Amino acid sequence: MRKPFTSLRWPRRTLPGALLAVTALLAVSACGGSGDSQDGAEQASVKVRTDVFYTGAVLPLLAGVDKGIYRKHGIDVTLNPGKGSATTIQTVGNGSDDIGYADGGALVQAVGKEVPVKMVAGMVQRSPLTLFVRADSGIKSAKDLAGKTSGFTAGSASEILFPAFAKASGLDPASVTFNKVDIPTRDSLFVQGESQFTFGLLNVTKANMEEKCKCELVEFSYADAGLDVLSSGIVASDTFVKEQPETLKKFLAATAEAVEYTNKNVDDAVGSFFKVAKTSALSKEVVKAQWLASADLMTTKASEGQPFGCTAEADWTSTIKLMEQYGGVAAGKVTPAGAASNALLSGCTDSLGEGK
């Protein structure tokens, strides 16, 4: 029997929180055995946690571990799946983990609460926040969602910024009905046809959902509606940035190489995914589709053409403004330089970082 849910109209304000998800509790250490890197330097051990369970969005991290790319750069990575960006940011901030992969909006919220963390490299930068409907639903635009129903997970990024999307799309947010549920139930309601639209991520949800519902989906992207909010990247605590900058530089260089490897060898990288994520329920086709969609979102208009990882001050300014309006962040509490740094990267247009 399904757990009862609570129906609600759009709330004026939602509390920030974790993006909940089912996780596979699996820790994986970089393969290749103990020893030194190619240049003979001693390996630096780092604990890395992703945002949620492993998906194709983080395929380069898993391929980098399996193919020994991190070890070649002198980094011994122990990789773990997370339970949501907010939780990953907290464990990075308190030193339980050294490095995380997390959402930019969640990071702004955390910095607003004085969690000492920064994004030190963007990865999937352009926002994948999206609403999905079935292609045969007759829903042709966001305005057609009036009178429709969806599952709603408080604290999830898509739901937090829904009022901004509705405003940008000419949709009255009070005209839709939400059923308050967790993410798995939200997705299940849509797959079973008990809701007419659902929230999700263009690079993660679409391929997985289409496989489950055996249907074609149409998406209404927040980015296409004009919302410039940064998505995900590599985060570290201020202490780790200050005390171990060379380790972070090596990690970022290895990640850039892992991204390049993945782009050139997608099928091999997918093979690595299942060597690392041994309990994953995803299919090879879904993981591949998730990465190909993620690869199209690696930069924004403001960061396009710059080296891997560089984020733009303009994107941070936009993200912070949206989180102030809808994410509970106090006005003026967070600055771009307080949320992000390009100081460990080369060739970035905007320096960001401390004192900038």
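Leaving aside its neighbours within four places in sequence, which residues is Thr-262 in contact with?

**Figure 1. Thr-262 and the residues around it.** This is a predicted model, and we start inside helix α10, residues 245-264, where Thr-262 lies. Once you skip the neighbours within four places in sequence, Thr-262 is in contact with Leu-59, Pro-60, Ala-63, Ala-269 and Trp-291. Thr-262 has a relative accessibility of 0%, so it counts as buried.

**Figure 2. The whole chain, with a word on confidence.** Before zooming in further, here's the overview. The protein chain has 356 residues, and 55% of them count as buried. Its secondary structure adds up to 14 helices and 12 strands. Take the contacts between residues at least 6 apart in sequence: 81% of those join residues at least 24 apart. As for confidence, the pLDDT averages 89 over the chain, with 87% of the residues scoring at least 70. Residues 1-28 are a stretch to read with care, as their pLDDT is below 50; in the model this stretch still has 82 contacts beyond near neighbours in sequence. Residues 30-35 also have a pLDDT below 50, and that stretch has 13 contacts beyond near neighbours in sequence.

**Figure 3. Strand β5 with β3 and β12 as its partners.** Strand β5 covers residues 99-103, and five of its five residues are buried. Ile-99, Tyr-101 and Asp-103 point one way, while Gly-100 and Ala-102 point the other way. That fits a general pattern: in a regular strand the side chains alternate between the two faces of the sheet. Strand β3, residues 44-49, pairs with β5 in the parallel sense over two bridges. Look for Arg-49, which stands opposite Gly-100 of β5. Strand β12, residues 232-237, pairs with β5 too, here in the antiparallel sense and over five bridges. In that pairing, Ile-99 has Ala-236 of β12 as its bridge partner.

**Figure 4. Helix α3, mostly covered.** Of the nine residues in helix α3 (residues 85-93), seven are buried. You can pick them out as Ser-85, Ala-86, Thr-88, Ile-89, Thr-91, Val-92 and Gly-93. What do the buried residues of α3 pack against? Their packing partners are the strands β3, β5, β6 (117-124) and β12, along with helix α4 (104-112). Just past the helix comes Gly-95, with a positive phi of about 85°.

**Figure 5. Helix α6, largely enclosed by the rest of the structure.** Helix α6 runs over residues 162-169; six of its eight residues are buried, so the rest of the structure largely encloses it. The buried set is Phe-162, Pro-163, Ala-164, Phe-165, Ala-166 and Ser-169. These residues pack against four strands and two helices, namely β7 (129-134), β9 (177-180), β10 (198-201), β11 (217-221), α5 (157-160) and α13 (313-326). After α6 comes Gly-170, whose phi is positive, near 75°.

**Figure 6. Two loop residues with positive phi, Glu-114 and Lys-214.** Most residues other than glycine have a negative phi, which makes a handy backdrop for this view. Glu-114 sits in the loop between α4 and β6, and its phi is near 70°. Is Glu-114 buried or exposed? Its relative accessibility is 60%, so Glu-114 counts as exposed. Lys-214 is in the loop between α8 (205-213) and β11, with a phi near 50°. Lys-214 counts as exposed as well, at 75% relative accessibility.

**Figure 7. The second largest pocket and its lining.** This pocket holds about 240 Å³ of space. Its lining has 13 residues, and the closest to the pocket centre are Arg-126, Ala-223, Asp-228, Thr-300 and Lys-301. By type, the lining is a mix of five nonpolar, four polar and four charged residues.

**Figure 8. Ala-337 and Lys-118, two residues from distant parts of the sequence.** Ala-337 is part of helix α14, residues 336-339. With a relative accessible area of 15%, Ala-337 is buried. Ala-337 and Lys-118 are 219 residues apart along the chain, yet 8.8 Å separates their C-alpha atoms.

How values were computed: Residues are numbered from 1 along each chain as its sequence is written. This is a predicted model: local features need pLDDT of at least 70, side-chain atom pairs count only at pLDDT 80 or more; totals for chains, interfaces and linings use all residues. Side-chain values use heavy atoms; hydrogens and water are left out. pLDDT is the predictor's confidence in each residue, from 0 to 100. Contact means heavy atoms within 4.5 Å. On a 1 Å grid over the protein atoms alone, a cavity is a set of points where a 1.4 Å probe fits but cannot get out, and a pocket is an open set with protein on both sides within 12 Å along at least five of seven lines; lining residues have an atom within 4 Å of a point. Grid points are joined across faces, edges and corners, and a volume is the space filled by probe spheres set on the points. Ala, Val, Leu, Ile, Met, Phe, Trp, Tyr, Cys and Pro count as nonpolar, Asp, Glu, Lys and Arg as charged, and the others, Gly among them, as polar. Buried means under 20% relative accessible area, exposed over 50%, partly exposed in between (1.4 Å probe, protein chains only). Two strands pair if DSSP finds at least two bridges between them.
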